[in-house]
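Work through the following exercises with the model open beside the text, trying each task before reading its solution.

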Amino acid sequence: MTGPPLVFEARALDLSRLPRIDSHLHTSWTDGKATVAETYQRAVELGLEVILYSEHSRKTSTDWFSRFAEEVRSLPAAPCRAYVGTEVKIESLDGEIDTIPAISDLCDFIMASVHRFPDGRGGAIPFGEVNPDEAVDREFALSWAALENPKIDILGHMFGMSYRRYKVTPPDEKIRALIARAAEYGVAVEVNSHYHPNPFQYIEWCREYDARITFGSNAHSLEKIGEIMRQLGAERAR
Ligand SMILES: [Zn+2]
Ligand SMILES: [Zn+2]
(Lines give C-alpha, C1' and ligand atoms only; values in the text may rest on other atoms or scores of the structure.)
(Ligands and ions follow the chains in the order given, each with its own letter.)
Protein backbone atom coordinates (compact mmCIF):
# COMPACT_ATOMS: atom_id res chain seq x y z
CA MET A 1 0.00 0.00 0.00
CA THR A 2 1.35 3.39 -0.94
CA GLY A 3 -0.23 6.75 -0.31
CA PRO A 4 -1.20 8.97 2.61
CA PRO A 5 -1.62 7.25 5.97
CA LEU A 6 -4.88 5.86 7.33
CA VAL A 7 -3.44 4.65 10.62
CA PHE A 8 -1.26 6.72 12.93
CA GLU A 9 1.02 6.38 15.90
CA ALA A 10 -1.28 7.82 18.55
CA ARG A 11 1.60 9.49 20.38
CA ALA A 12 2.69 11.33 17.26
CA LEU A 13 -0.75 12.89 16.69
CA ASP A 14 -1.16 16.61 17.06
CA LEU A 15 -4.52 16.68 18.84
CA SER A 16 -5.19 20.21 17.66
CA ARG A 17 -4.78 19.10 14.05
CA LEU A 18 -6.14 15.60 13.72
CA PRO A 19 -5.88 13.95 10.31
CA ARG A 20 -9.15 14.31 8.38
CA ILE A 21 -10.01 10.71 7.69
CA ASP A 22 -12.82 8.21 7.91
CA SER A 23 -11.77 4.60 8.11
CA HIS A 24 -15.21 3.03 8.49
CA LEU A 25 -17.62 3.44 5.60
CA HIS A 26 -20.26 1.09 4.17
CA THR A 27 -21.92 1.46 0.79
CA SER A 28 -24.76 0.04 -1.26
CA TRP A 29 -22.54 -2.95 -2.07
CA THR A 30 -23.81 -4.22 1.29
CA ASP A 31 -26.09 -2.50 3.81
CA GLY A 32 -25.10 1.12 3.23
CA LYS A 33 -27.43 3.50 1.39
CA ALA A 34 -24.96 5.47 -0.75
CA THR A 35 -22.95 4.24 -3.72
CA VAL A 36 -19.16 4.23 -3.79
CA ALA A 37 -19.21 7.36 -5.99
CA GLU A 38 -21.72 9.23 -3.81
CA THR A 39 -19.69 8.37 -0.73
CA TYR A 40 -16.53 9.67 -2.36
CA GLN A 41 -18.19 12.91 -3.42
CA ARG A 42 -19.45 13.51 0.11
CA ALA A 43 -16.01 12.78 1.58
CA VAL A 44 -14.49 15.37 -0.77
CA GLU A 45 -17.17 17.93 0.15
CA LEU A 46 -16.32 17.39 3.82
CA GLY A 47 -12.64 17.92 3.20
CA LEU A 48 -11.69 14.37 4.17
CA GLU A 49 -8.23 13.50 2.88
CA VAL A 50 -8.20 9.73 3.32
CA ILE A 51 -11.05 7.24 3.53
CA LEU A 52 -11.35 3.49 3.85
CA TYR A 53 -14.24 1.67 2.25
CA SER A 54 -14.49 -0.96 4.97
CA GLU A 55 -17.19 -2.98 3.25
CA HIS A 56 -18.71 -5.94 5.05
CA SER A 57 -17.68 -9.27 3.58
CA ARG A 58 -17.60 -12.95 4.36
CA LYS A 59 -15.64 -15.86 3.00
CA THR A 60 -18.51 -16.33 0.56
CA SER A 61 -18.44 -12.79 -0.85
CA THR A 62 -16.23 -13.74 -3.79
CA ASP A 63 -19.04 -13.22 -6.32
CA TRP A 64 -19.01 -9.42 -5.90
CA PHE A 65 -16.05 -8.30 -3.86
CA SER A 66 -13.64 -7.87 -6.77
CA ARG A 67 -16.09 -5.54 -8.54
CA PHE A 68 -16.41 -3.47 -5.39
CA ALA A 69 -12.61 -3.31 -5.05
CA GLU A 70 -12.24 -2.26 -8.71
CA GLU A 71 -14.80 0.48 -8.28
CA VAL A 72 -12.92 1.93 -5.30
CA ARG A 73 -9.58 1.63 -7.13
CA SER A 74 -10.98 3.62 -10.06
CA LEU A 75 -11.61 6.68 -7.84
CA PRO A 76 -9.23 9.63 -8.23
CA ALA A 77 -6.19 9.73 -5.92
CA ALA A 78 -6.87 13.36 -5.04
CA PRO A 79 -8.24 15.38 -3.32
CA CYS A 80 -9.20 12.37 -1.22
CA ARG A 81 -7.38 9.05 -1.26
CA ALA A 82 -9.73 6.05 -1.05
CA TYR A 83 -8.49 2.68 0.15
CA VAL A 84 -10.08 -0.72 -0.36
CA GLY A 85 -10.95 -2.48 2.83
CA THR A 86 -13.23 -4.95 4.42
CA GLU A 87 -14.78 -5.31 7.85
CA VAL A 88 -15.03 -8.96 8.80
CA LYS A 89 -16.24 -10.67 11.89
CA ILE A 90 -14.05 -12.42 14.42
CA GLU A 91 -15.16 -16.02 14.15
CA SER A 92 -13.70 -17.86 17.06
CA LEU A 93 -11.76 -17.74 20.29
CA ASP A 94 -8.75 -18.73 18.22
CA GLY A 95 -8.90 -15.27 16.64
CA GLU A 96 -9.87 -16.56 13.22
CA ILE A 97 -11.66 -14.06 10.97
CA ASP A 98 -14.28 -14.52 8.28
CA THR A 99 -12.20 -13.98 5.16
CA ILE A 100 -10.10 -15.80 2.59
CA PRO A 101 -7.15 -14.65 0.48
CA ALA A 102 -9.36 -14.25 -2.62
CA ILE A 103 -10.91 -11.33 -0.75
CA SER A 104 -8.29 -10.15 1.72
CA ASP A 105 -5.59 -9.97 -0.98
CA LEU A 106 -7.67 -7.30 -2.75
CA CYS A 107 -7.68 -5.08 0.33
CA ASP A 108 -5.35 -2.39 1.59
CA PHE A 109 -6.70 -2.82 5.13
CA ILE A 110 -8.49 -5.62 6.97
CA MET A 111 -10.69 -4.54 9.85
CA ALA A 112 -11.88 -7.23 12.26
CA SER A 113 -14.84 -6.64 14.56
CA VAL A 114 -16.90 -8.56 17.07
CA HIS A 115 -20.39 -8.86 15.57
CA ARG A 116 -21.65 -11.99 17.30
CA PHE A 117 -20.66 -14.49 19.91
CA PRO A 118 -19.63 -17.79 18.37
CA ASP A 119 -20.95 -20.91 20.08
CA GLY A 120 -17.89 -22.99 19.20
CA ARG A 121 -19.88 -25.20 16.83
CA GLY A 122 -20.01 -22.88 13.84
CA GLY A 123 -23.09 -20.99 15.02
CA ALA A 124 -23.75 -17.99 17.23
CA ILE A 125 -25.19 -17.69 20.72
CA PRO A 126 -28.50 -15.77 20.57
CA PHE A 127 -27.92 -12.25 21.92
CA GLY A 128 -30.74 -12.65 24.46
CA GLU A 129 -28.96 -15.58 26.08
CA VAL A 130 -25.97 -13.45 27.02
CA ASN A 131 -26.17 -11.04 29.94
CA PRO A 132 -24.30 -7.71 29.85
CA ASP A 133 -21.37 -8.81 32.01
CA GLU A 134 -20.93 -11.95 29.98
CA ALA A 135 -21.11 -9.88 26.81
CA VAL A 136 -18.16 -7.80 27.99
CA ASP A 137 -16.18 -10.94 28.82
CA ARG A 138 -16.98 -12.60 25.52
CA GLU A 139 -16.23 -9.49 23.50
CA PHE A 140 -12.95 -9.11 25.36
CA ALA A 141 -11.93 -12.72 24.76
CA LEU A 142 -12.70 -12.58 21.04
CA SER A 143 -10.85 -9.30 20.60
CA TRP A 144 -7.90 -10.52 22.68
CA ALA A 145 -7.54 -13.58 20.47
CA ALA A 146 -7.91 -11.70 17.21
CA LEU A 147 -5.20 -9.18 18.02
CA GLU A 148 -2.66 -11.94 17.55
CA ASN A 149 -3.92 -12.69 14.03
CA PRO A 150 -1.36 -11.19 11.62
CA LYS A 151 -4.00 -10.69 8.91
CA ILE A 152 -5.68 -7.95 10.93
CA ASP A 153 -4.70 -4.32 10.43
CA ILE A 154 -7.46 -2.64 12.45
CA LEU A 155 -9.60 -3.76 15.39
CA GLY A 156 -13.01 -2.27 14.57
CA HIS A 157 -15.11 -0.51 17.22
CA MET A 158 -13.60 -2.19 20.30
CA PHE A 159 -16.37 -3.25 22.73
CA GLY A 160 -18.99 -1.97 20.28
CA MET A 161 -21.46 -4.74 21.11
CA SER A 162 -21.15 -4.15 24.84
CA TYR A 163 -21.77 -0.42 24.47
CA ARG A 164 -24.54 -0.48 21.90
CA ARG A 165 -26.39 -3.76 22.20
CA TYR A 166 -25.93 -4.43 25.92
CA LYS A 167 -25.75 -0.78 27.06
CA VAL A 168 -22.86 -1.51 29.35
CA THR A 169 -19.56 0.33 29.75
CA PRO A 170 -16.68 -2.13 29.98
CA PRO A 171 -14.28 -1.65 32.88
CA ASP A 172 -11.35 0.62 32.08
CA GLU A 173 -8.85 -2.18 32.82
CA LYS A 174 -10.31 -4.33 30.08
CA ILE A 175 -10.19 -1.53 27.53
CA ARG A 176 -6.65 -0.69 28.53
CA ALA A 177 -5.61 -4.33 28.31
CA LEU A 178 -6.89 -4.60 24.74
CA ILE A 179 -5.23 -1.34 23.75
CA ALA A 180 -1.94 -2.50 25.26
CA ARG A 181 -2.21 -5.77 23.35
CA ALA A 182 -3.10 -3.96 20.12
CA ALA A 183 0.05 -1.90 20.60
CA GLU A 184 2.08 -5.05 21.20
CA TYR A 185 0.89 -6.61 17.94
CA GLY A 186 0.85 -3.44 15.86
CA VAL A 187 -2.90 -3.55 15.24
CA ALA A 188 -4.57 -0.16 14.93
CA VAL A 189 -7.40 0.66 17.34
CA GLU A 190 -10.37 2.18 15.55
CA VAL A 191 -11.96 5.00 17.53
CA ASN A 192 -15.55 5.00 16.32
CA SER A 193 -18.14 7.78 16.59
CA HIS A 194 -21.11 5.39 16.46
CA TYR A 195 -19.92 3.03 19.19
CA HIS A 196 -17.59 4.86 21.54
CA PRO A 197 -19.26 7.22 24.00
CA ASN A 198 -15.94 8.92 24.77
CA PRO A 199 -13.57 8.87 21.80
CA PHE A 200 -11.17 11.29 23.50
CA GLN A 201 -10.58 8.78 26.29
CA TYR A 202 -9.69 6.12 23.73
CA ILE A 203 -7.25 8.50 22.08
CA GLU A 204 -5.61 9.20 25.45
CA TRP A 205 -5.24 5.50 26.22
CA CYS A 206 -3.82 4.80 22.76
CA ARG A 207 -1.22 7.48 23.45
CA GLU A 208 -0.49 6.06 26.86
CA TYR A 209 0.18 2.58 25.45
CA ASP A 210 1.85 3.80 22.26
CA ALA A 211 -0.77 2.11 20.09
CA ARG A 212 -1.66 2.75 16.51
CA ILE A 213 -4.96 4.47 15.96
CA THR A 214 -7.47 5.24 13.24
CA PHE A 215 -10.79 7.06 13.18
CA GLY A 216 -14.09 5.80 11.78
CA SER A 217 -17.79 6.55 11.65
CA ASN A 218 -19.42 3.24 10.70
CA ALA A 219 -21.32 5.36 8.17
CA HIS A 220 -24.18 3.59 6.42
CA SER A 221 -25.53 6.80 4.86
CA LEU A 222 -24.20 10.06 3.45
CA GLU A 223 -25.18 11.98 6.60
CA LYS A 224 -22.87 9.92 8.78
CA ILE A 225 -19.72 10.19 6.68
CA GLY A 226 -17.10 12.09 8.63
CA GLU A 227 -19.10 11.88 11.86
CA ILE A 228 -16.02 10.96 13.88
CA MET A 229 -14.28 14.13 12.66
CA ARG A 230 -17.29 16.23 13.69
CA GLN A 231 -17.28 14.55 17.10
CA LEU A 232 -13.61 15.26 17.57
CA GLY A 233 -13.95 18.80 16.29
CA ALA A 234 -11.57 18.11 13.44
CA GLU A 235 -13.87 18.85 10.53
CA ARG A 236 -12.97 21.48 8.01
CA ALA A 237 -15.46 21.93 5.22
CA ARG A 238 -14.15 22.92 1.85
ZN1 LIG B 1 -19.02 -3.50 12.79
ZN1 LIG C 1 -19.20 -1.35 10.15
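Throughout, buried means under 20% relative accessible area, exposed means over 50%, and partly exposed lies in between, with a 1.4 Å probe and protein chains only. The model is a predicted one, in which local features need pLDDT of at least 70 and side-chain atom pairs count only at pLDDT 80 or more, while totals for chains, interfaces and linings use all residues. Residues are numbered from 1 along each chain as its sequence is written, chains are lettered from A and ligands numbered from 1 in the order in which they are written, and side-chain values use heavy atoms, with hydrogens and water left out.

**Exercise 1. Identify the protein donors of the zinc ion (ligand 2) and classify the site.**

Step 1. Donors are N, O and S atoms within 2.8 Å of the metal (3.2 Å for Na, K and Ca), and since water is not among the atoms, sites may look incomplete. By this criterion the zinc ion (ligand 2) has the protein donors His24 (NE2), His26 (NE2), Glu87 (OE) and Asn218 (OD1), at 2.1 to 2.3 Å.

Step 2. Four donors count as tetrahedral if all angles lie between 85 and 135 degrees; four count as square planar and six as octahedral if opposite donors are over 155 degrees apart and all others between 65 and 115; anything else is irregular. The angles among the four donor atoms run from 86 to 174°, and the site of the zinc ion (ligand 2) is irregular.

Step 3. Along the sequence, the spacing of these donor residues is H-x1-H-x60-E-x130-N. Distant parts of the chain are thereby linked, histidine 24 lying in strand β2 (residues 21-25) and asparagine 218 in the loop between β8 (212-216) and α8 (227-231), 194 residues apart. Helices (H or I, at least four residues) and strands (E, at least two) are here DSSP runs, numbered from the N terminus. Histidine 24 and asparagine 218 are both buried.

**Exercise 2. Which residue bridges the zinc ion (ligand 1) and the zinc ion (ligand 2)?**

Step 1. The zinc ion (ligand 1) is coordinated at 2.1 Å by Glu87 (OE), His115 (NE2) and His157 (NE2), and the spacing of its donors along the chain is E-x27-H-x41-H.

Step 2. The bridging residue is glutamate 87, and the two zinc ions lie 3.4 Å apart. Glutamate 87 belongs to strand β4 (residues 81-89), whereas histidine 157 sits in the loop between β6 (154-155) and α5, 70 residues away in sequence.

Step 3. Glutamate 87 counts as buried because its relative accessibility is 2%, and histidine 157 counts as buried at 2% as well.

**Exercise 3. Compare the expected and actual span of helix α6, and describe its two faces.**

Step 1. The expected span of a helix is 1.5 Å times one less than its number of residues. For the 14 residues of α6 (residues 172-185) this gives 20 Å, which agrees with the 20 Å between its end C-alpha atoms.

Step 2. The buried residues of α6 are Ile175, Leu178, Ile179, Arg181 and Ala182. Viewed down the helix axis they fall within an arc of 165°, so they line one face of α6; the arc is that of the directions from the helix axis to the C-beta atoms. An α-helix has 3.6 residues a turn, so residues three or four places apart point the same way.

Step 3. Glu173 and Glu184 are exposed residues on the face of α6 turned away from its buried side. Contact meaning heavy atoms within 4.5 Å, the cover over the buried residues of α6 includes α4 (132-146), α5 (160-164), β7 (188-192) and α7 (199-208).

Step 4. Just beyond α6, glycine 186 adopts a positive phi of about 70°.

**Exercise 4. Locate the backbone features at proline 79, phenylalanine 159 and aspartate 210.**

Step 1. Alanine 78 and proline 79 are joined by a cis peptide bond with omega of about 5°, and proline 79 is placed in the loop between α2 (65-73) and β4.

Step 2. Phenylalanine 159, although not a glycine, has a positive phi of about 60°; its place is in the loop between β6 and α5, and it counts as buried at 1% relative accessibility.

Step 3. Aspartate 210 also is not a glycine and has a positive phi of about 60°. Aspartate 210 lies in the loop between α7 and β8 and is partly exposed, with a relative accessible area of 36%.
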